[in-house]
Amino acid sequence: MNAETSRYYIDNLYTQDNAKCYQALNFVKNSIMGSNRQKGMVIANGILPRLLQVLPDQTKTPDIRLETVVILGSLAKGSEEQVKSLVEANVVTYIFNAFLMDDEPKFTEACLRCICTILQFPFSDYSVVFSDAAIIRKLIKTIEESISNSICAMSILSYSCRTTAHQNTLWEEGIGYILANLLNTELDDLSIATLKCFARVCQDNPMISAALEETEYNGKTMPEMLDSMRGGDRPTSMRLAASKCITCLYRAGALEVNDSKVMFGALPTLVRLCQNDQKWEHRVEAAEILAVLIEDDAELQSLASISNHLLQTLAEFVNYPAHPLGEYGGTFGEHRSKEMKQAAFKVFASLGANDEEIRKRIIETDNLIDHIVLGLKDPSPKVQLAAVRCLHSLSRSVQQLRTTFQDHSVWKPLMALLEGASDEILSVTSSTLCNLLLEFSPSKEPILESGAIELFCSLTKRDDHSLRLNGIWALMNMAFQAEQKIKSQILSTLGTDQIFNLLSDSHINILMKTLGLLRNLLSTKPHIDYIMNLCGGDIIQAVMMILEGDNMPEVKEQALCILANIADGDIAKDYIMRNNEILKKIQEYMTNCNAKLQAAAIFCVSNLVWKEDSGAADRQAKLKEMGIFKLLQQLITTSDSLLFDKVKTALTQFSDS
């Protein structure tokens, strides 16, 4: 296409003469076919906006409108940058609008092919598909019209089905029957497209998964059909897609873990497809599905770990060269290496989630910890996330925290990773650091010295509840058996206002960890007195808020335990003794129907009246006057052994008992 010729045909695109317009379009179509350079010239010459004007123009002939869609479809097969130009121009929206207005078979097919090609790119706008119920209805209608339409429509739906609302919309439009019907086809491409749509429709959706599990077609249930499609005689893509569907049904609760289709079907198939005789992209996909399949079940993790030398196979993934010799070096080789590492880290994370022995075997696999630490520094956020998830899983091991994690100073790249990280990476990284801040972890002290208190206090103020939880959890771990200066720094940095905010949090785990933090701050007599001297009134007010509020017994038990800690201080006792409301609240919980709350309240009394402590006689007299001593005498007849021991201990502290 030289400049003079192209100018002539470009000008003719704008003519009202349909014959010349068609001729110009035909020329453009033939010139760009198979040539990304020519496609780039067409886009650079500003032809794209004109094509989008022609598309809905009802004064143009059907041939012109068809030719326009075919050109757009050809451009969609160009380079990634060229496809981005189509996405930025909202080409999918324009084509869907035309698709809704025209039922001509060839035009419909061309529209579907073009949309399908664009939507396979991750930067596409998938939301267009579900923006109009008419689009969904027509897509489903076109499935019955031809094999090509079926494949494209199923692919479009699988690319764009991203939320529970999308899934439910498709279900209401009868997608269940369509899936069952299309799975019976003998056409591999259609079967694979259908399986991919099946996985999207039931993923994390218990209602739809349960309904699909019960659906029968020609005497076979859907899971039975899926199981037959992951057999060794089927194409690899089909085996992967069928195994993913079984995985989705299992994770959504529609299949039991001991179902043969899960344990002896999908699992060994996925392990097998990780082997090095498969294409690298199939190996990556198999590993990623396997990681999801075994993520939450110790039995599946154990079985996978001993299946077909999986750990050694995953070590090959991690050691995959970034610059292999031959035709696949350069950028493509780096991409492949990153994908392999990411997939391996995900499987290692799932394998090591529960079993100490498996974690030990993972750590001993080909210097894995070095690769994980390098993964934390990788420029790819996906590799970073997979690496930190792997570390998080391994950090559940006391032995590894004391040895491997310390030897490799894992805390350093983890702390560095927190700077400017996405919420997702921040969440997993902070969870891992929570484990490294446990008392028995040698990493605790250097993490504290590197500014961790300020960091985790700031996390407690984030909108994402998982970040708030990790922030307060880490602070709770830091405060456990800590020096007074550390406790003081936590308290001054966090502030009592933020403690009240966290105690009012709607997420129960955050509330419990905040109470856990207060318990850890208020431990050992000198620290208890020091902390109460700093903000005793606020702490008593916070405890009272919990005891008077509509909270679960577990929460109130923690609040009473905090009071018991305060009552163990020397000077701190006065904060309780001077507050008749809090004393009455303790007395009230001594007769609570929950034995644990009774025991916690009585433990408070024991600490208050401990006869070896200074001023015990005066405190005993006041509690006798309130009727607490008499109440203890009544409770000694309890049949609850734990409660009996607490009551007996408290009674023996009264001087004249």
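How many residues does the largest nonpolar core have, and which of them have the most contacts inside it? In this predicted model, the largest nonpolar core has 234 residues, and those with the most contacts inside it are Leu 351 and Leu 563. Helix α35, which covers residues 525-548, supplies the largest share of this core, namely 11 residues. For Leu 563 the partners can be listed: when neighbours within four places in sequence are left aside, Leu 563 is in contact with Ile 540, Val 543, Leu 547, Ile 576, Ile 582, Ile 586 and Cys 604.

## A helix with a buried face

Helix α30, made of residues 452-459, is a useful place to see how burial is arranged along a helix, since Ala 452, Ile 453, Phe 456, Cys 457 and Leu 459 are buried there. Seen down the axis of α30, these buried residues fall within an arc of 155°, and therefore they line one face of the helix. A general rule helps in reading this pattern: an α-helix has 3.6 residues a turn, so residues three or four places apart point the same way. What do the buried residues of α30 pack against? Their partners are the helices α27 (411-417), α28 (423-436), α29 (444-449), α31 (465-479) and α32 (484-494).

## Empty space inside and at an open pocket

Rolling a probe the size of a water molecule over the atoms shows where empty space is left. The structure holds one cavity of 30 Å³ or more, and about 80 Å³ of space lies in the largest cavity. Three elements give two or more residues each to the lining of this cavity, and they are α6 (80-88), α7 (91-101) and α8 (105-119). The largest share, three residues, comes from α7. The full lining consists of Leu 86, Val 87, Asn 90, Val 91, Val 92, Thr 93, Ile 118, Leu 119, Ser 124, Asp 125 and Val 128, and these residues divide into seven nonpolar, three polar and one charged.

The second largest pocket has a volume of about 310 Å³. It is lined by 16 residues, of which Lys 444, Glu 445, Leu 448, Glu 483 and Ile 486 lie nearest its centre. Helices α29, α30 and α32 each supply at least two residues of this lining, and α29 gives the most, with four residues. By kind, the lining of the second largest pocket divides into six nonpolar, three polar and seven charged residues. Helix α30 thus appears in two settings, as a contributor to this lining and as the helix whose buried residues pack against α29 and α32, among other helices.

## Single residues, from buried to exposed

The table sets out five residues with their places and their relative accessible areas.

| Residue | Place | Relative accessible area |
|---|---|---|
| Phe 629 | helix α41 (628-635) | 14%, buried |
| Met 512 | helix α34 (508-521) | 24%, partly exposed |
| Gln 58 | loop between α4 (47-54) and α5 (62-75) | 54%, exposed |
| Asn 367 | loop between α22 (356-363) and α23 (368-376) | 56%, exposed |
| Gln 481 | loop between α31 and α32 | 57%, exposed |

Why does Phe 629 count as buried? Its relative accessibility is 14%, and buried means under 20% relative accessible area. Met 512, with 24%, is partly exposed, because that class lies between the limit of 20% for buried and the limit of 50% for exposed. Not counting residues up to four places away in sequence, Met 512 touches Glu 554, Val 555 and Gln 558.

Gln 58 is exposed, and yet Gln 58 has contacts as well: leaving aside neighbours within four places in sequence, Gln 58 is in contact with Arg 65 and Met 101. The other two loop residues in the table can be described by their backbone angles. Phi of Asn 367 is near 50°, a positive value in a residue other than glycine, and Gln 481 has a positive phi of about 50° although Gln 481 is not a glycine.

## Distances across the model

Some pairs of residues give a sense of how positions along the chain relate to positions in space. From C-alpha to C-alpha, Phe 629 and Val 42 are 93 Å apart in space and 587 residues apart in sequence. The C-alpha atoms of Gln 58 and Thr 637 are separated by 92 Å, with these positions 579 residues apart along the chain. Met 512 and Val 87 are 425 residues apart in sequence, and their C-alpha atoms are 47 Å apart; Val 87 is also one of the residues that line the largest cavity.

How values were computed. Residues numbered from 1 in each chain as written. Predicted model: local features only at pLDDT ≥ 70, side-chain atom pairs only at ≥ 80, totals over all residues. Heavy atoms only, no water. 1 Å grid on protein atoms, 1.4 Å probe; cavity = no way out; pocket = protein on both sides within 12 Å on 5 of 7 lines; lining within 4 Å. Points joined across faces, edges and corners; volume = space filled by probe spheres on them. Nonpolar A, V, L, I, M, F, W, Y, C, P; charged D, E, K, R; others polar. Buried < 20%, exposed > 50% of the residue type's maximum accessible area, 1.4 Å probe, protein only. Arc of directions from axis to C-beta. Contact = heavy atoms within 4.5 Å. Core = buried A, V, L, I, M, F, W, Y, C linked by side-chain atoms within 4.5 Å.
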